[in-house]
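Colleague: Before I take this model to the bench, I would like to go through the labels attached to it and hear the reasoning behind each of them.

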Number of protein chains: 4
Amino acid sequence: MANSKFEYVRKFETEDRCLPNCWIIVRVDGKAFHKFSDLHKFVKPNDDRSLNLMTKAAETILQEFDDIVLAYGQSDEYSFVFKKNTKTYNRRQSKLMTNISSLFAASYVFYWADFFPDTKLQYPPSFDARVVLYPSDQNLRDYLSWRQVDCHINNQYNTCFWNLVQVSALSPAEAHGRLKGTLASDKNELLFSEFNINYNNLPELYKKGTVVIKEQEVTSVQREIPKTDGSGTEEKTFTKKRPKLVALNVDIIRDTFWKDHPYILESS
Amino acid sequence: MANSKFEYVRKFETEDRCLPNCWIIVRVDGKAFHKFSDLHKFVKPNDDRSLNLMTKAAETILQEFDDIVLAYGQSDEYSFVFKKNTKTYNRRQSKLMTNISSLFAASYVFYWADFFPDTKLQYPPSFDARVVLYPSDQNLRDYLSWRQVDCHINNQYNTCFWNLVQVSALSPAEAHGRLKGTLASDKNELLFSEFNINYNNLPELYKKGTVVIKEQEVTSVQREIPKTDGSGTEEKTFTKKRPKLVALNVDIIRDTFWKDHPYILESS
Amino acid sequence: MANSKFEYVRKFETEDRCLPNCWIIVRVDGKAFHKFSDLHKFVKPNDDRSLNLMTKAAETILQEFDDIVLAYGQSDEYSFVFKKNTKTYNRRQSKLMTNISSLFAASYVFYWADFFPDTKLQYPPSFDARVVLYPSDQNLRDYLSWRQVDCHINNQYNTCFWNLVQVSALSPAEAHGRLKGTLASDKNELLFSEFNINYNNLPELYKKGTVVIKEQEVTSVQREIPKTDGSGTEEKTFTKKRPKLVALNVDIIRDTFWKDHPYILESS
Amino acid sequence: MANSKFEYVRKFETEDRCLPNCWIIVRVDGKAFHKFSDLHKFVKPNDDRSLNLMTKAAETILQEFDDIVLAYGQSDEYSFVFKKNTKTYNRRQSKLMTNISSLFAASYVFYWADFFPDTKLQYPPSFDARVVLYPSDQNLRDYLSWRQVDCHINNQYNTCFWNLVQVSALSPAEAHGRLKGTLASDKNELLFSEFNINYNNLPELYKKGTVVIKEQEVTSVQREIPKTDGSGTEEKTFTKKRPKLVALNVDIIRDTFWKDHPYILESS
């Protein structure tokens, strides 16, 4: 029973290499997380356990892929940035997005109990993923700014919405109606006057989301090594560099972040 | 802080719709499962627990996607067949492959303990996925034949290999050397003469892999309903059709399977 | 001065092979032919010289590419059908569409004077092209039907429009207004009652467009060849098969055409 | 006869927009020009008539497409550079490459007699085309350098080859053999010692190829216009800017060219 007769079917596969010299972003996004968060009784508008579990899953991805230089997450989504000239999976889009989406989902389930010790996971969640290419550094930064502004806009809306529902006992429809057409300044005013909440004082995690980067950790190690003249050993200090994951809840729109971590845009 | 300034970055996303009127196959494949199976002490050459867990994960996919008409799996891979004119995710390749790869991986972790009650999962596994299109029914059947022949070839080789290692105490290198250049008939002879194994008597699960299909389950329900003349109620029998998953370890290369389940190729 | 330093730029090229086992259609379309036909004073609504020149250019394409089994043209467009499993240019879309669009345009200019002996070509025209894939024979026939129905609809409209303008001396705007919202039957009635034109009697070239196919021409050749017994020569008749282009103005929507030329759909 | 029944076939067309913010290059390439140049008795190794006709065809393209900022040609090929953010044809690859390849080919035929007054064109030539994207300015310059180095390498080889054939009366095979394995310096030495040719003194057209750019031509026009106080007219000078095509045979590898024409890389 030879396989050669059927192997022609491999020719129906298509190549999907990313254009070289572009930043590659893979963004994962929870599927139907509205229903998922209701069923698992997520705290609204922000559930720290879920946000931290998302970041834990993201860190698994960063540890697996050397060429990811930054990840940014908020709500039920996470974006991963590969350096411009990564050769990971020969830049094949299918490989990149499916390995990341599946490892992300598997990690989410794997670490669930660490973050939700008192809540049983009811069913396995899924995350879609897509690949987007950005030719210039400015495009990349604008993409990340787009996601971080989105985080802020959603958080502001949701904070108003859930206070109206939970504190003022409005129905969801009433709360939506109340917020319809309001500006950012209106919403801040509403939070302050009705709920005594100063939006600016809310946790940075909720307002900014989470950026995970790899900092070079330099550690010193003392080792006993043979002397060059053969007369026994001597103690010597070695320095070891290792990437160390650091999760920050900071502004990534303004220049400061990029000046403080110049190696991110310089990676290639 | 308006988002509109950054929203132009959405235009960098590309459309990846599948050509209409083609069978869409999504195949998931375990990443680095050699290492994974060693670490979790899988029985060689075939571990029933793992194969059944794979099928359980596949069934989760079939339940989630109405338009998948068949799945075929063996070893650490599973192929899912969408009907030719499915509109699922508007036929977008990224959506199809990432939702399936992530749900498959999440399910594998979610159901792990049911199949490996005595083995702790050491880390979250990942599965890549790809989309392949087949224009004709013959192409589709040839694809599935290709995978089933592959199952048989690998199983035959692995059964020889692991018997040589486990029973005859050869080293892996010696076992590979012994098998190099042998034909199918040589391997069957080796199994019989050295290990008294009749290859044909091995479990169909190992030789054929697993095909999962949806059979229409017709159930009868008795219901008390109002009489049309208003004079009280009467008992009536209703029939309900529901797709029911059926996992089979059968030949899908010959015509028999396709004649017995004609609705698969007729779906459109 | 080595080129190797720069040759990395080749890696930015992408592969664009057509999915195997699909009919490949390349359709060329005149760019800005409204302006072109005005400037060169084409007879309206149909200019035989232009239609015949289009078909001459199409025939150049059919002669160049063995694997094109049919071409269909009307107005300033022509569609070329490659057999399902053609290996031409390794099925690369860019190669297929640019070689055809450029040869078509070059031929149009090359043969211009043969069809427009009294009209000087004012500038070189251009033709865009696209590749479309059709998995099934029905899809292919529906594509060709779509184009032939389009031919009929446009011809009917244009015949009304130009009679209103040329015979009834309506302005273009008035003619458009008069035709707005009319059905096919209204237009036939208009042609008959106002201009004494029976639409059905118009030339098939205008109503049906042109389909070009390759018929096997069998020719007999008499040759003097040596006798097998060495006793001089004898005359023998040889038959030679050659594809011969045939241009028809016939219905390609109904089954008749396809039954009369079964080898077209059987080509693979 | 409604067309709607068949119109579903349009859904089989695919979108092929170029990634935004990348330089778009369309390169056209003569098909089978070896045969074409032999048949039309092109002067070897370089035929000025052909090179100038190529540039004439290229200029037609530059005049037609406002967003092309530079073209570079040599032998039977020409590359056209669209500015990074061109919206031409909505960045659709098929439209870009087929309109350019067909207009190029049509122009080549259209202007043939102007450049080859004594040679009848035997058949219409064709040119394939491809689209390649380059994310960075450096990538773009490296692409153009690659083509210009290629021009030089081929010219040097061909100059040696044809002198060996035409002057020394070697057969083509002998000439190839003689040149096999020679370095650039060997070839220059050969030209000088055997044919008294100083390679550096050959025309720049042959060594460098042709770059066509658009320079802003500023013209002054005197116009009689009404005075603002209504007391008659006064003469006033207006300046008009128009892009003017300039064809150069210069080095485009070193910085000088790019510093002299900074607006090329600044276009966006």
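Colleague: What makes C:Arg27 and D:Glu13 a salt bridge?

Modeller: In this predicted model, the closest N and O atoms of C:Arg27 and D:Glu13 are 3.7 Å apart, and because the rule asks for a side-chain nitrogen of Lys or Arg within 4 Å of a carboxyl oxygen of Asp or Glu, the pair qualifies. Side chains of opposite charge can pair when their charged atoms come close. By this rule the count over all chains comes to 68 salt bridges.

Colleague: Why is the pair B:Asp38 and B:Lys44 called a salt bridge, and how accessible is B:Asp38?

Modeller: The closest N and O atoms of B:Asp38 and B:Lys44 are 3.7 Å apart, which falls within the 4 Å cut-off, so the name applies. B:Asp38 has 41% relative accessibility, and since buried means under 20% and exposed over 50%, B:Asp38 is called partly exposed.

Colleague: What joins chain B to chain A, in terms of contacts and salt bridges?

Modeller: There, 56 residues of chain B are in contact with 55 residues of chain A, and the two chains bury about 4,500 Å² between them, with 63% of it on carbon and sulfur atoms. The count between chain B and chain A is eight salt bridges, together with 21 residue pairs in polar contact, both residues of each pair being at pLDDT 80 or more. A:Arg130 and B:Glu13 form a salt bridge, with their closest N and O atoms 3.2 Å apart.

Colleague: How many salt bridges does the rule find between chain D and chain A, and what does that interface consist of?

Modeller: The rule finds zero salt bridges across the interface of chain D and chain A, and by class the side of chain D that touches chain A has five nonpolar, three polar and no charged residues. A salt bridge needs Lys or Arg on one side and Asp or Glu on the other, so a side without charged residues cannot supply a partner. Eight residues of chain D are in contact with eight residues of chain A, and the area buried between these chains is about 540 Å². D:Leu19, D:Asn21 and D:Pro135 supply 72% of the area that chain D buries against chain A. Four residue pairs are in polar contact across this interface, both residues at pLDDT 80 or more.

Colleague: How do you know that B:Cys22 is in no disulfide?

Modeller: The nearest cysteine sulfur, that of C:Cys22, is 4.9 Å away from the sulfur of B:Cys22, and because a disulfide requires two cysteine sulfur atoms within 2.5 Å, the pair does not count. B:Cys22 has 0% relative accessibility and therefore counts as buried. For B:Cys151, the closest cysteine sulfur, in B:Cys160, is 14 Å away, which is too far for a bond, and at 5% relative accessibility B:Cys151 also counts as buried. A search of the whole structure finds zero disulfides over all chains.

Colleague: Which residues touch the most other members of the largest nonpolar core?

Modeller: Of the 256 residues in that core, A:Leu70, B:Leu70, C:Leu70 and D:Leu70 touch the most other members. Leaving aside neighbours within four places in sequence, D:Leu70 is in contact with residues including D:Leu62, D:Phe80, D:Leu144, D:Val212, D:Trp258 and D:Ile264.

Terms used: Residues numbered from 1 in each chain as written. Chains lettered and ligands numbered in written order. Predicted model: local features only at pLDDT ≥ 70, side-chain atom pairs only at ≥ 80, totals over all residues. Heavy atoms only, no water. Buried < 20%, exposed > 50% of the residue type's maximum accessible area, 1.4 Å probe, protein only. Contact = heavy atoms within 4.5 Å. Buried area = accessible area lost by both parts, 1.4 Å probe. Polar contact = N/O pair within 3.5 Å; in protein donor to acceptor, adjacent residues only side chain to side chain. Nonpolar A, V, L, I, M, F, W, Y, C, P; charged D, E, K, R; others polar. Core = buried A, V, L, I, M, F, W, Y, C linked by side-chain atoms within 4.5 Å.
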